[in-house]
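I opened the model today to go through its strands, a few residues and its open spaces. My notes follow.

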Amino acid sequence: MRPLPSMKSRASLLFSLLLTGLAWAGPRLEPLAGTGKAGFSGDGGPALKAEINNPFGLVRGPDGALYFCDTMNHAVRRIDAKGVITTVAGTGKMGCAGDGGPAVKALLNEPYEVRFNRAGDLYFVERMNHDIRRVDAKTGVITTVAGNGKDGFSGDGGPADKAQLRQPHSIQFDAADNLFICDLLNHRVRRIDAGTGVIGTVCGTGKKGSPADGAAISPATPLAGPRAMDFAPDGTLWLALREGNAVYRLDLKEGKLHHVITKDLHGPKGLSLAPDGRIYLADTESHSITWFNPADAAPAVKTLVGDGKKGLLARPHGVFVDKDGSVLIGDSENHRVWRVEPK
């Protein structure tokens with residue numbers, strides 16, 4: 001059971017909501033981390049009293065703890081079952097250093113999303129270091145697994161750690177532990193083979209473009225700013241395009257992609273598949289968490305939390321749906337992590 005916030009914390013939160021005029025009759029937002037003030041503090045204590053700075057991607061780890069990218073603190077942090085926060089990668093200072101040593105002493109530059117492979121190793125993508133790094137589950141040692149730190153495009157067909165990426169944003173593992181990457185400003189989805197470490201392009205020409213419905217999943221098919229993705233149990237890859245304001249279903253077995261949502265989105269930058277098959281989005285520029293059911297005959301975007309104005313949520317970038325159906329939110333510019341109870 002999660003510890004309840006103190007009376008003082010609850011009063012402070014209620015006051016801040018009332019102060020900004022945020023009357024909200026929707027699902028209850030339960031605070032998990034952050035005071036609402038940007039900063040870097042609190043390790044070893046309650047996450048509700050810690051200062052964080054622009055939380056982005058988040059995920060439930062194999063140990064049951066919640067991990068999130070404390071992006072502008074250039075760190076990855078962890079909240080355990082008792083609500084205690086610690087830093088697992090980064091020092092709070094911006095940079096690119098530390099490979100081969102403890103992750104907690106490494107320098108990071110804007111980690112955007114965090115995931116785990118089947119072995120329990122932690123992976124995160126750094127947008128401004130143009131790379132993907134790995135923290136060994138047993139040793140805590142950090143290494144770079146993709147990207148050479150230089151902004152560009154190169155390396156397909158060779159080792160991923162020698163390749164160039166250009167502001168990668170999202171990562172996700174498939175069932176075989178192959179790592180998929182939203183290589184944002186290269187307008188490509190790329191893949192690192194789990195066995196060989198070789199990187200290649202799955203889809204995207206490198207030039208911004210909107211793919212036709214039913215187009216082949218191919219390096220010859222254009223994409224426009226691939227931002228966020230998640231895998232369904234059947235191997236389907238769900239992909240959100242930030243610049244295209246669209247969601248696509250990539251049937252990797254069929255080899256084709258399909259438009260599912262092409263309107264009512266405002267800069268989606270996070271995507272998570274729920275246990276019931278619904279797709280949840282961090283619809284950043286509408287300051288909302290939205291969802292749709294792909295099983296519907298005509299899937300339509302609906303709002304879970306947010307009213308379209310910066311306030312209750314402020315440019316959220318992170319969304320993750322837990323096993324119980326609760327929705328976890330990286331409320332970036334409010335500097336908080338929230339939980340919304342399952343419907």
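**Entry 1: β10 and its sheet**

I started at I171, which stands opposite I181 in β11. I am working from a predicted model, where local features need pLDDT of at least 70, side-chain atom pairs count only at pLDDT 80 or more, and totals for chains, interfaces and linings use all residues. Residues are numbered from 1 along each chain as its sequence is written, and side-chain values use heavy atoms, with hydrogens and water left out.

Strand labels follow DSSP: strands are E runs of at least two residues, numbered from the N terminus. Two strands pair if DSSP finds at least two bridges between them. For β10 and β11 (residues 179-183) I found 4 bridges, in the antiparallel sense.

I then looked up the sheet around this pair. It is an open sheet of 4 strands, ordered β10-β11-β12-β13, and the pairing is antiparallel. Why do β10 and β13 each have one side without a neighbour in the sheet? Both stand at the edges, β10 at 170-173 and β13 at 199-203, and each has a single partner strand, so one side is left free of a sheet neighbour. The twist from one strand to the next averages 30 degrees. The axes behind that angle are lines fitted to C-alpha atoms, and angles run from 0 to 180 degrees between N-to-C directions.

**Entry 2: H169**

Next I checked H169, in the loop between β9 (142-146) and β10. Is H169 buried or exposed? Its relative accessibility is 1%, so H169 counts as buried. The cut-offs are under 20% relative accessible area for buried, over 50% for exposed, and partly exposed in between, with a 1.4 Å probe and protein chains only.

I looked for what surrounds H169. Contact here means heavy atoms within 4.5 Å. With neighbours within four places in sequence left aside, H169 is in contact with Y112, E113, V125, C182, L184, R227 and K269. R227 also shows up at short range: its backbone oxygen lies 2.8 Å from a polar atom of the H169 side chain.

**Entry 3: β14 and its sheet**

R227 led me to strand β14 (residues 226-231). This strand is mostly covered, with 6 of its 6 residues buried. I counted 5 bridges from β14 to β15 (residues 237-241), and the two run antiparallel. M229 stands opposite L239 in β15. The two strands form a hairpin with 5 residues between them. In the turn, G235 has a positive phi of about 95 degrees.

β15 also pairs on to β16 (residues 246-251), antiparallel, through 5 bridges. There W238 stands opposite R249. The full open sheet has 4 strands in the order β14-β15-β16-β17, with antiparallel pairing. β14 and β17 (256-261) are the edge strands, and each pairs on one side only. Direction ignored, neighbouring strands of this sheet are turned by 25 degrees against each other on average.

**Entry 4: open spaces**

I searched on a 1 Å grid over the protein atoms alone. A cavity is a set of points where a 1.4 Å probe fits but cannot get out. A pocket is an open set with protein on both sides within 12 Å along at least five of seven lines. Lining residues have an atom within 4 Å of a point. Points are joined across faces, edges and corners, and a volume is the space filled by probe spheres set on them.

How many cavities of 30 Å³ or more are there? The count is 1. The largest cavity holds about 80 Å³ of space. It is lined by 13 residues, and G57, E113, G270, H317 and G318 are the closest to its centre. β2 (55-60), β6 (111-116), β18 (268-273) and β22 (318-321) give two or more residues each to that lining.

The largest pocket has a volume of about 910 Å³. It has 32 lining residues, and Q172, F173, D230, F231 and F320 lie nearest its centre. At least two lining residues come from each of β2, β6, β10, β14, β18 and β22.

**Entry 5: β1 and K302**

Strand β1 (residues 29-33) has 5 of its 5 residues buried, so the rest of the structure largely encloses it. β1 pairs with β24 (residues 336-340) over 4 bridges, antiparallel. L29 has V340 as its bridge partner in β24.

Last, I looked up K302, in strand β21 (residues 302-305). K302 is partly exposed, at 41% relative accessible area. Beyond neighbours within four places in sequence, K302 is in contact with I289, T290 and W291.

Note on methods:
Polar contact = N/O pair within 3.5 Å; in protein donor to acceptor, adjacent residues only side chain to side chain.
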